[in-house]
Amino acid sequence: MRVRPRRARTFESSAEITPESTYLRRRELCRLLAAGPIAFALSCDRRATPDRPLSQVPADVLARFPPERSSRFIVDRPLTPSSVAATYNNYYEFTTDKERVAEVAAGFVTRPWRVEVSGLCARPQTFDVDALIRAMPMEERVYRFRCVEAWAMVVPWTGFPLAALLDRVEPNREARFVRFVSFPPRDDAPGMARQSHYPWPYHEALRLDEARHDLAMLATGIYGRPMPNQHGAPLRLVVPWKYGFKSIKGVQKIELTAERPRTFWNRLQPREYSFLANIDPDVPHPRWSQAKERMIDTGAEVPTRKYNGYDVAGLYS
Ligand code: MTE
């Protein structure tokens, strides 16, 4: 059974912002009623087929899913049902309403998709995402995932170590950070225009040693299938010991830098979202405790574990 949070925690601290869900629902309803019963029926049909974006994936790439599940990443909690994870998302490029991201993002076009890897490296390159999926060492890893808003899930990601991609471009000695940039404003991501006060595109960064850690992953799929739009198709970062906002979706650019890059939420609200953003039950968010987390499927509240239970303390000694 799916249990909804009693009180939603959100990134945006202002209470004065008009709830976008109200605005969107009213707007969509007016549009559909004006267009007549056929448009309304088609809209209902779209909601009933959340996997439609997968039709953009070439057949030989689809055939690479699911890859073998790694036995190195054992999680002592049950997997979150895919239907729950796929309908409770943060992806502000589409909407701030977690339960509507899947629906609003359903028409997002993710092919062709190129990823530029550049900056302080010997061999900067631009990769087609499907060529990358064909070439990289793909595996499935079951990870805990913890949002700064205190909700949590356990999901099987498909992907490859970020370090494997960095190796291909041969970072220089001066490189100390890795910057990730998502896609610029576009019509099929309507949340970007609606929230034009945000510094789009979404951007994040890691220290190079964090990026090289074996746990840091570029994910191309989830639950054994290519990445659905709402989870960050076609390529997203997964850094399981950090709060979820570090795990940037829709990655188009990866850049090696000497200086620490600015990052989306840290730039907007530095007191609430640190650059490192390592999961820590003893460091409360200014507006709520981080001591516990709520599983999005059962609603069970469980103690938060430092670094989400991952053995990464060596990075910060
Ligand atoms: N990436 C982009 N481009 N835009 C976003 O709004 N939200 C982040 C992260 N990556 C976000 C993003 C946040 S706050 C979280 S918790 C996770 O995505 C949610 O991932 P999920 O929806 O796949 O569970």
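A biologist asks and a modeller answers about cavities, a ligand and some backbone features in this predicted model.

Biologist: How many cavities of 30 Å³ or more does a search of the whole structure find?

Modeller: Rolling a probe the size of a water molecule over the atoms shows where empty space is left. Here the search covers the whole structure, with a cut-off of 30 Å³. The number of cavities found is two.

Biologist: Which residues lie closest to the centre of the largest cavity?

Modeller: The largest cavity holds about 290 Å³ of space. Its lining is made of 21 residues. That lining divides into 13 nonpolar, five polar and three charged residues. The closest to the centre are Asn 90, Tyr 91, Gly 244, Phe 245 and Lys 249.

Biologist: Which residues lie nearest the centre of the second largest cavity?

Modeller: The second largest cavity has about 60 Å³ of space. Its lining splits into eight nonpolar, three polar and one charged residue. In total, 12 residues line it. Nearest its centre lie Val 57, Arg 111, Pro 226, Met 227 and Ala 233.

Biologist: Which cavity is the space taken by the ligand?

Modeller: Look at what surrounds the ligand. There are 19 residues around it, and the closest are Tyr 92, Glu 93, His 231, Arg 236 and Lys 249. This shell divides into 10 nonpolar, six polar and three charged residues. The ligand takes the space of the largest cavity.

Biologist: What is the distance from a nitrogen atom of the ligand to an N or O atom in the side chain of Glu 93?

Modeller: Glu 93 is among the residues closest to the ligand. The pair joins a ligand nitrogen and an N or O atom of the Glu 93 side chain. Their distance is 2.8 Å.

Biologist: Which residue has a polar backbone atom 3.3 Å from an oxygen atom of the ligand?

Modeller: Take care to separate side chain from backbone. Asn 89 uses a polar side-chain atom, which lies 3.0 Å from a ligand oxygen. The backbone atom at 3.3 Å belongs to Asn 90.

Biologist: How much of the ligand's accessible area does the protein cover?

Modeller: Start with the ligand on its own. Its accessible area is then 530 Å². Of this, the protein covers 99%.

Biologist: Which residue does a cis peptide bond join to Phe 65?

Modeller: Omega at this bond is about -10°. The partner sits in the loop between helix H3 (59–62) and helix H4 (82–85). It is Pro 66.

Biologist: What is omega for the cis peptide bond that joins Trp 200 and Pro 201?

Modeller: Pro 201 is found in the loop between helix H8 (191–194) and strand E6 (203–207). The cis bond joins it to Trp 200. Omega there is about -5°.

Biologist: Which residue has a positive phi although it is not a glycine?

Modeller: Look in the loop between helix H7 (162–169) and strand E5 (177–181). Phi there is about 55° for one residue. That residue is Glu 170.

Methods: Residues numbered from 1 in each chain as written. Predicted model: local features only at pLDDT ≥ 70, side-chain atom pairs only at ≥ 80, totals over all residues. Heavy atoms only, no water. 1 Å grid on protein atoms, 1.4 Å probe; cavity = no way out; pocket = protein on both sides within 12 Å on 5 of 7 lines; lining within 4 Å. Points joined across faces, edges and corners; volume = space filled by probe spheres on them. Nonpolar A, V, L, I, M, F, W, Y, C, P; charged D, E, K, R; others polar. Near = heavy atom within 4 Å. Polar contact = N/O pair within 3.5 Å; in protein donor to acceptor, adjacent residues only side chain to side chain. Areas by Shrake-Rupley, 256 points an atom, 1.4 Å probe, with all protein chains shown as cover. Sits in = over half its atoms within 2 Å of the grid points. Helix = DSSP H or I, 4+ residues; strand = E, 2+ residues; numbered from the N terminus.
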